[in-house]
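Subject: Structure for your review

Dear colleague,

Please find below the structure that I am handing over to you. My notes on what was found in it follow directly after.

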Amino acid sequence: MVVLSPNEASQHLTITNDAFLSFRALAESLTYAERNELKLALSLKAAALFENCYELPTDVEKRQTVHECLTYLRALQPYYHQVPDYGVAFIGWPNFMTKALLAQLQTEAVDLRPEANDNNYQFITQEGPIAQKLAESGKVQDFVRRYVLGNFKSSHIQSYLYYDHHGQKNEPHVDNEYTALTCMISLKHTYLDEAKASATVFYDANKGRKACRLIPGEAVIFYGASTLHGRLTVQPEEEVHLLQISFVHEDFMST
Ligand SMILES: [Fe+2]
């Protein structure tokens with residue numbers, strides 16, 4: 001078994017142009033259901049090769065397989081050429097966020113926490129009127145359009161997510177097409193030790209893994225149906241509140 005560091009391993013990764021074009025032709029011929037099955041199969045195959053659940057394999061053959069899975073996962077999408085590295089289009093303070101709005105969303109998230117259900121990854125509940133008003137205001141759509149090239153529109157799915165139990169985690173996965181693009185806003189992140197605190201992680205076929213730890217008020221826009229992503233394990237006394245606003249691509253809506 002050849003073992004390389006992630007950086008060394010990435011130098012050996014290859015997919016020929018012919019292979020890529022053949023895969024694209026195959027992707028174009030598939031129905032939505034077939035594409036979805038292949039997407040899930042590729043995501044599971046890649047994730048099964050990760051080390052310690054979240055780390056890219058150091059074995060060069062496994063790393064090549066992960067590289068192919070991640071490349072083809074993205075190439076399944078008609079808009080694959082618009083997906084940025086790691087599937088992440090933006091990280092930072094969104095232009096629509098004010099201190100007053102952040103305070104309102106934080107309060108709403110706390111108020112709705114008792115209604116949240118455990119979906120085995122995190123606690124989740126539908127949005128309240130503050131988040132709904134924000135999502136329907138057009139401000140988030142306008143913000144997303146500044147950083148995203150594809151024709152995405154609101155899927156009218158907004159959720160508060162809570163990671164507030166030690167050991168909670170969301171292993172690397174891909175999202176469905178109704179949440180193909182997500183604007184995820186941090187509302188709360190408290191922890192005992194920043195070095196150990198959980199983070200959202202995104203994976204790129206060529207560049208590896210990016211960890212993203214937002215401060216309250218910041219947002220990340222990511223192509224969740226095109227890239228593997230997840231949440232690292234929540235530590236003792238760590239607490240995370242997030243608001244997710246989702247978008248769907250118009251090509252999917254026309255299928
Ligand atoms: Fe996801």
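**The smaller group of strands**Strand E7 (residues 200–204) and strand E10 (residues 229–231) pair in the antiparallel sense, and three bridges connect them. The model is a predicted one, and everything that follows should be read with that in mind.

Phe202 is a convenient residue from which to view this region. Its bridge partner in E10 is His229, and in E8 Phe202 stands opposite Lys210. E7 and E8 also run antiparallel, joined by five bridges. A hairpin of three residues leads from E7 to E8.

These strands belong to an open sheet of four strands, in the order E5-E10-E7-E8, with antiparallel pairing. At its edges are strand E5 (170–173) and strand E8 (208–212), each of which pairs on one side only. From one strand to the next, the twist averages 15 degrees. As general background, strands of a sheet pair through backbone hydrogen bonds, either parallel or antiparallel.

**The sheet of seven strands**

A further open sheet is formed by seven strands in the order E1-E9-E6-E11-E4-E3-E2, and its pairing is antiparallel. Strand E1 (88–92) and strand E2 (117–118) stand at the edges with a single partner strand each, so one side of each has no neighbour in the sheet.

Within this sheet, strand E4 (residues 152–163) and strand E11 (residues 239–249) pair in the antiparallel sense over nine bridges. Two residue pairs help to locate this pairing on the model. Tyr163 stands opposite Val240 in E11, and Ser154 has Phe247 in E11 as its bridge partner. E4 is also joined to strand E3 (residues 123–126), which runs antiparallel to E4, by four bridges. There, Thr125 has Tyr160 in E4 as its bridge partner.

**Helices beside the sheet**

Helix H6 (residues 129–136) lies across E4 and E11, and runs at about 150 degrees to E4.

Helix H5 (residues 99–112) has 14 residues. From its first C-alpha to its last, H5 reaches 20 Å, close to the 20 Å expected at 1.5 Å a residue.

Which residues of H5 are buried? They are Leu105, Glu108 and Ala109. These residues are on the same side of H5, because they cover an arc of only 100 degrees around the axis. The buried residues of H5 pack against H6, E4, strand E6 (181–190) and E11. On the face of H5 turned away from the buried side are the exposed residues Lys99, Ala100 and Asp111.

**Two domains**

The domain assignment divides the chain into domain 1 (6–81) and domain 2 (85–253). Their C-alpha centres lie 24 Å apart. In the contact between them, 21 residues of domain 1 meet 20 residues of domain 2. On the side of domain 1 that touches domain 2, the elements giving two or more residues are helix H1 (6–10), H3 and H4.

**Individual residues to look at**

Three residues merit a separate look. Ala41 is found in helix H3 (residues 32–48). Ala41 counts as partly exposed, because it has 13 C-beta neighbours inside 10 Å. Ala41 and Leu73 are 32 residues apart in sequence, whereas their C-alpha atoms are 9.3 Å apart in space.

Asn52 is placed in the loop between H3 and helix H4 (60–75). Although Asn52 is not a glycine, it has a positive phi of about 50 degrees. Is Asn52 buried or exposed? Asn52 is exposed, because 5 other C-beta atoms lie within 10 Å.

Cys53 is also placed in the loop between H3 and H4. The phi of Cys53 is near 75 degrees, which is a positive value in a residue other than glycine. Cys53 has 12 other C-beta atoms within 10 Å and is therefore exposed, since a residue with 12 or fewer such atoms is classed in that way.

When you open the model, I suggest that you begin with Phe202 and its partners His229 and Lys210, and then turn to the pairing of E4 with E11.

Yours sincerely,

A colleague

Methods: Residues numbered from 1 in each chain as written. Predicted model: local features only at pLDDT ≥ 70, side-chain atom pairs only at ≥ 80, totals over all residues. Pairing = 2+ DSSP bridges. Contact = placed C-beta atoms within 7 Å. Axes fitted to C-alpha atoms, helices over the stretch in contact; angles between N-to-C directions. Expected span 1.5 Å × (residues − 1). Buried ≥ 20, exposed ≤ 12 C-beta atoms within 10 Å, placed from the backbone. Arc of directions from axis to C-beta. Domains from an automatic or database assignment.
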